[in-house]
Amino acid sequence: MTDTSYPLYLDLAAGLFLLTAVGVLWRHQLAAMIRLFALQGAALAAIVAILGIHQHSLELILVALGLGVLRAGILPYLARRALGGSPAEARETRPVINVAASLLAAAGLTLLAYAVTRPLVALAPSPATAILPAAVAVVLIGFFTLVTRRRALSQVVGFLLLDNGITATAFLAAAGVPLIVELGVSFDLLLVVLVLQVLTTRLRNSFGSNDLDELRELHD
Amino acid sequence: MIGWALVGACVMAGLGVLAAVVAPRSARPAWAGAATVGIGVAGLIAGVAALSGQEFHAWLPGLLPIAGLRLAVDPLGGWFIAVTGGVLAAAALFGIGYAGGGHGPSGRGVQAALPVFAAALLLVPAAGSVSTLLVLWELMALASLLLILAEHRGRPAVAEAGWWYAALTQVGFVAILLGVLLYAAHAGGDSFADLRAAHLSPALRGTVFVLVLAGFGSKAGLVPLHVWLPRAHAEAPSPVSAMLSAAMVNLGVYGVIRVGFDLLGGGSRWWWLLVLTLGAVSALYGILQATVAADLKRLLAYSTVENMGLVFLGLGAAGIFFTSGAPGLAALALAAALLHVLNHAGFKALLFTAAGSVLRATGTRDLDALGGLRSRMPVTTVLFAIGALCAAALPPGNGFVSEWLLLQSLVHALPAGVVVTAVAMPVAVAVVALTAGLAVATFVKALGVGFFARPRSDAAAAAKESPPAMLAAMGLLAATCAASALAPAALGPALSRSVGVAVHTPATVLSGGLSLHLAGIASTVSPLLILIAVLVALAGCVLLVRLVSGRVVRRRAVQVWACGAGPLTPRMQYTATSFAEPLQRVFDDVLAPETDVDVTPYAESQYLVARMAYRARVPDRVEHALYVPIIAAARRLGRLGPVLANGSVHRYLAYGFFGVTGVLLVLAVTR
Amino acid sequence: MNRTALIATVAQVVTVVAGAPLLAGLMRQVRARLEGRAGAGIGQSWRDLRKLLRRSPATPTGTGWAFRLAPLLLVGTSLVLAAVVPLLSTASPLDHAADLFAVVGLLALGTVTLALAALDTGTAFGGMGASREMTILALVEPTILVAVLALCARVGSTNLAAIVTTTLHDPLRVASPASLLAAAALVIVVIAETGRLPVDNPATHLELTMIHEAMILEYAGRDLALVELAASMRLSILLGLLASLFLPWGIAGASLAALPLALASLLAKVAALGVALSAAEVFIAKLRLFRVPELLAGSFVLAVLAVTSSFFIA
Amino acid sequence: MAVFKLWRKIRRIGRTAEPAPPRPSGPPCPKAAALHGSLQVRHVDAGSCNGCEIEIGSAFGPVYDAERYGARLVASPRHADALLVTGPVTRNMAVPLRRTFEAVSEPRIVVAVGDCAIDAGEFAGGYGVHGPVASVVPVDVQVPGCPPEPAAIVAALRGLTGR
C-alpha cells in the first residue's frame, strides 16, 4: 500500500463505517439492522488493519483480526440468535421518531460531529485523524438509535454502534498506543458479557410480560 | 434632481389628500390614485438618479421640533426608493381601474391616507437621521393601518387583522425606538453620520442590533413576528395588498442592512447567524403554510413571508462572510438579497393585482371555489402564469436569477473554511432548495387549480375579464419581471453601487451582457439564451412532428375520459386542499393540521349513516403556541383593573398619596 | 473551435433523440428476459412512437392551451437539456448559458408543464398525478442541490463543462467518498425524477397507484408520442449526466477526431446504467407513496455526508 | 438473502417463453395496416364470467408472451389502438362499452374474445343481457372458443401486429 493510496483506503473504510450506521437508522427489519452492524464491524476491522499495515505494526493487525472476528462474527451471531424465532420482534414498526426525521437528525449529527472534532483534527492533521469525525458521528448516531428505537434488539444494535464508534475514535485519535489498544480489547470482552446480559434480560422481560398478559386475557 | 423629485412627491401627496377630501365620492379613487401614481413615478426618478451615482443631503430644521428633518439619499436607499416607486405607480394605476364600478373602498379617510402612505414609504429610505426615520416610520405605520382597515364594515375579519397589525407594528416600533435611541444616546448624535462615527462596546452594539432586528423583522414578517402578515395582506383591498406585500415589507430589509452593515459596520458573527436562522425558519415555515393554504391571497401573503425569509437568509450569509473575512462573497450574497427584493416586489405585486382582479370578477378568494378562469379571463390568466413562473423560481423567471445568485454565494463559501460556514452553508443550501421545490408545488396549485380546468362555483363560471386600466398595470409589472429576468446583467452597476455602500467593496459584483458573470466565481448563466434555446427547440419540434407524421393529422375534440361512466362533474376535480394533502401529510409534524369527522347515524341503527361531516384546517401553529398564551395573560392582567379602580375617590387619592410618599422615600434612601 | 463545438452539440442532440427510445426498449427487453419472457425487441419503443406519431391527437372538452402546449414544451426542454449537458463533448456553445442549477430548473420546468396540463383536464386522476408528482419534486430538490454543492465546492464553478474537465484531470477524486456518496444520492434522485421503481411503477394499470402515468391518461396519438419520447429522453439525459459526472472518461473536448470514441463510450456507459437499473427493478417492489419520503430523506443524508466528507477529507 | 434467492431462481428457470409458432396466415385486418408491428390493447370486460380474462392473462404471461409480437395492454383507451372485449354485453355495460369505443382514436379495432362476445353464447336472451358485442360496437376480429385458448388470442393479436 503506497502512501498516496493509503488515505484513500482509509477514507473509503470510514465512509462505509458511517454509511452502515445511517443504514441502521434507515431500515425497519431487525435482521437487516444486524446485517448492517456486521458490515460495520468489518469496516472497523478494515480501518484498524489499514492503520496497522501503514504503521507496519503486527500488533495492530492482530487486534484488527480480533475485532473482525468479534464485531463482524460473534456479536452479530449472538444478536441473530436472540432474534431467532420471534416474529413479534422482527420489525421496528413505530420508532419514537419516524424514519425520515431520524435520517435528517443523522445528517445534523454528522455536521455536529464535524464541527466538534474540527479542533482535534487541527491539533495533529493526518489521514488517521482526518476521519475522526466519522467515528464521532457513529457514536452520536448510535446513541440516537439507542434513544429513539422501541425494540429491545434494535436498542442493543444502537448500543453496539455506540461502542464501535468509541473503539474507532480510540484507534484514530491515539493510534498505536498499546495501552489503549489493550484497554479497548479487554473492554470489548467485558462488553460481550454485558451485551448478553442486556439481551437476555430485556428479551425475557418483554416476552415474559407479554406472555403473562396473554394468559390473563385467556383467563377472563 | 433627487431633491426635486422628492419635493414633487410630497407636493403630489398634498394634492392627493386635498383631492380626496374635496372630490365627490365617485371621483375620489381616480384623483387620489392619480396622485399616488405621480408619487410613484417621482420615487422611481429619484431612485434611479441615486443609483446612477448622485447623492442628496438636506437638513430642514423647521420641520421637526428638536432635531429637524434630515434627509440623505445614497445608492442603497436609492435601490429601495426605486423599487417602492415602481410598485406604488403600478399598484395605484391598478387601483384606479379596480375602483371602477363601485368596487373597493372610496371613503374620504381611506383615499386621503393612500397618498400619505405612499409618500411615507418613499421617504423612509431617504431618512438621514434617527428622529426622521422614526417619524416617517410611524407615519407609514398609521397610514397603512387606515388602509388595511378600509373594508372593516363589510367583514369582521378585517377588524381582527387590523388589531393584529396594530399590536405587532407598535411592538416593532417600540423595539426600533429603544434600539436606535440607545444607539443615538451613546453616539451623542442624531444623524446617521454621527452614528457611523460612534464607538460602542460590543455588548451595547449587540443589544442595539437585536432590538432593531426585532423591530424591522416584524415589519418584514419574519417568523415568529409574522402573524399579522397573512391576515393583513389577505384582508386589505387588493391594490393595498400589493403595496404592502411588495413595497412595505422591503423596508424591514432596508432597516437591517442600514443599521447592521452601514451604521454598525458588520458587528460580530453571531448576529448574522441569528439572521440566517430566522431567515431559514421563515422561508420554510412560510412556504409550508402557503403550500397548504386554500385562500389565494393568504397563499400569496405566506409566500411573502417565504421570500423575505430568503432575503434575510442572504443577509445572514453576507454578514457571516463579511465578519469571517470574505468581502467578495459577502458582496455577492448581499447583491443576491437586494436583487431578490426587486424581483419579489415585481412578481408579488403582479400576483396580488391578478388575485385582486380575480376577487373583483368572482367575489371569492377560495381556490376550491375557483377554476375555469383560463377561458373567462384569458389575459389575467397569462399574466398570473408569468408571475407564478417567477415566484416558483423556475428558469427563465426572475425569481430563478436571484435564487441562482444566492445559491452561488452559498455553494462557493466552503473553501473559505471556517467551521461555521462549513456547517451552516449546506444547511442553508438545503433550506433554499426545499423552499424552491415547495414554491413550485404551491404555484402549480395556485395556477392549475385556480385558473385551469372547469369552474367549481357559479361565481367563477360568471367571471368577466378585467377593465383595461387593471390589465395595463399588470402588463407593466409583467414587463418589469421579464426585463429583470432576461437582462439581469444590466442591473450590475446599480447593484454594485448599492452593495458597495453596505460592505465597502467598490468592485463590480456582477457584470456581463448576454450571460451573467460573477466577480471571483467562474459560474455563468444566461436566462435569455435559455429562453431562446427553448423557443428554437419548440419550433424545431413542431417542424419535426409535421415532417414525421406525414399528412396533417386532424385533432379530434372528445369527451373527457370518465372510465366509461357518465360525464365528469366539476365537483369531481381535484381541489387545492386535496392537491396539497400529500405534502400536508409528509409535513404534519410541522404543520399539525386539525381534522375532525362527525358521523350522525339514523335513529334506527348506528350502522346506517345519515350524515357525515369532515372538517380539516391548518392553523398557524406559531400563533397558537406563542400568541394565544400571551393574549390570555394580558386578559388576566386586565381583570385586575376593576379591582384597583372601583370608583371610590378615597382610593384614588390614596394611590396618589402613597405614590408621592413612596417617591420621596426612594429619594431619601438613595441620596 | 466554434464550428466543431456546434457539430458536436448537434451530434449530441441527434444521439439523444435517436437513442432514447432504444434505451427504453433495451430496458424493457432486459426486464422481459429476467422474467423469463422473450421480449418485443429493442426497437419496439421506436415502432410504438412511429405508430403513435401518425395517430390523431385528442383534445378533451374544457382543456386549453396548457394541455395543448405541454407535450411540445416537455420535448423542447428535453432538447435544450440534450444540447447543454456534456455527453459527447465538453465544448457545448450553450455551456455558459446554463449551469447545473439551470439544468435542474429546466428539468423541473418540464415536469411542471405536464402537471399543469394534467390539472387542466379537470379529471380526478390528472389532479392526483399532478399532486403526487409535485410532492416528489419538492422533496427531491434538497438532495439535488446539496449533492451539487458537494460536487462544485472544490471546482469553484457550477458549469458542467468545468466540473467534468476537473474530474478528468484528477481521476483519483472519483473514488473519494465524497463523489461516491454524491453518486449514490443522485442515483436515487434520478430514479425519483424519472418515475422508476421503487418510487413509481411505469408499467402499472391501476390509476390509484400511478404518478407519472396518471398525468398523461388523457393524451392520445401524436401528443402521447411526444410525451413518451420526452420521458425516455429525460431518462437517458440523466443517466448520461451521471456517467459524465462520475465516469467522464472518453468524453471529447473541442476536437472532432475524438467524437466517434466519445459516442461509443457514451452509448456503452448509458446502456450499462440502463441495464443495471432495469435489472435492479426486477428485484424490488414499489414503495407506498408515504414511504417515499423516507427514501428521499435517505438520499438527502447521503448528499449531506458527501458534503461533510468533501471537506473533512480534504 | 431474498435477492440472492430470487437471482438463483431466475438462473435456474431461465427462459419460459415457448418458441414462437409460425405466423398465422390469412387476410390481414385492413385497419391494422398503419400499425407496423405495434399494438396497444385496452381490455374491456363487458360482463364476462372471467374465464376469458384468465386466458388473456396467460396470453400476456411468460409462456405465450404476446408482448414479443408488439402487443401491449395499456391503462387508458386514449393510448389504445384496439379494444379486447370479452363476455356478453350486459345492460349495465352497453353504454360504458360504447363510450370506451368512442374514447379510442381512429382507426379503432375491436377484437371480440370468446363465444359470449361473438354471439352472447350461454347467456343469449338472458334478462340482464343486452346482446353480443357486435350489437353495440362494430367488431373487426373474432376469437371463438369458450374460453379461447391463449394461443388463439395470441394468433389474433399477431394478425393485427403482423409479426
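Chain A and chain D are not joined by any contact (two residues being in contact if their C-beta atoms, placed from the backbone, lie within 7 Å), and the closest C-alpha atoms of these two chains lie 10 Å apart. Five pairs of chains do touch, and of these 5 pairs, chains B and C share the most contacts. The model is predicted: local features need pLDDT of at least 70, side-chain atom pairs count only at pLDDT 80 or more, and totals for chains, interfaces and linings use all residues. Residues are numbered from 1 along each chain as its sequence is written, while chains are lettered from A and ligands numbered from 1 in the order in which they are written. The model scores ipTM 0.90 and pTM 0.92. For chain D, the mean pLDDT (the predictor's confidence in each residue, from 0 to 100) is 90, and 99% of its residues reach 70 or more.

The meeting of chains B and C is a good place to begin a tour. Here 72 residues of chain C are in contact with 69 residues of chain B. On the side of chain C that touches chain B, the elements giving two or more residues include α2 (44–54), β1 (58–60), α4 (100–121) and α5 (124–152) of chain C; helices (H or I, at least four residues) and strands (E, at least two) are DSSP runs, numbered from the N terminus. The most is given by α5(C), with 18 residues. By class, this side of chain C has 45 nonpolar, 20 polar and 7 charged residues, where Ala, Val, Leu, Ile, Met, Phe, Trp, Tyr, Cys and Pro count as nonpolar, Asp, Glu, Lys and Arg as charged, and the others, Gly among them, as polar.

Helix α22 (residues 576–586) of chain B packs with α5(C) at an angle of about 35°, with their axes 8 Å apart; axes are lines fitted to C-alpha atoms, for helices over the stretch in contact, and angles run from 0 to 180 degrees between N-to-C directions. Residues making this contact include B:Phe579 and B:Leu583 of α22(B), along with C:Arg132 and C:Ala138 of α5(C). The residues of the contact divide into 5 nonpolar, 4 polar and 1 charged.

Strands also link the two chains. Strand β6 (residues 556–558) of chain B is joined to β1(C) by 3 bridges, and the two run parallel; strands pair if DSSP finds at least two bridges between them. In this pairing B:Val558 stands opposite C:Pro60.

Within chain B, an open sheet of 3 strands has the order β3-β4-β5, with antiparallel pairing. Strands β3 (510–511) and β5 (524–525) of chain B stand at the edges with a single partner strand each, so one side of each is left without a neighbour in the sheet. Strand β4 (residues 516–518) of chain B is joined to β5(B) by 2 bridges, and B:Leu516 has B:Val525 as its bridge partner.

Within chain C, helices α1 (residues 2–34) and α3 (residues 65–84) pack at an angle of about 130°, with their axes 8 Å apart. The contact involves C:Thr9, C:Gln12, C:Val13 and C:Val16 of α1(C) and C:Leu79, C:Ala82 and C:Ala83 of α3(C). Its residues comprise 5 nonpolar, 2 polar and no charged.

Chain C also meets chain A, in a contact that takes 18 residues from each of the two chains. On the side of chain A that touches chain C, α4(A) provides the largest share, 9 residues.
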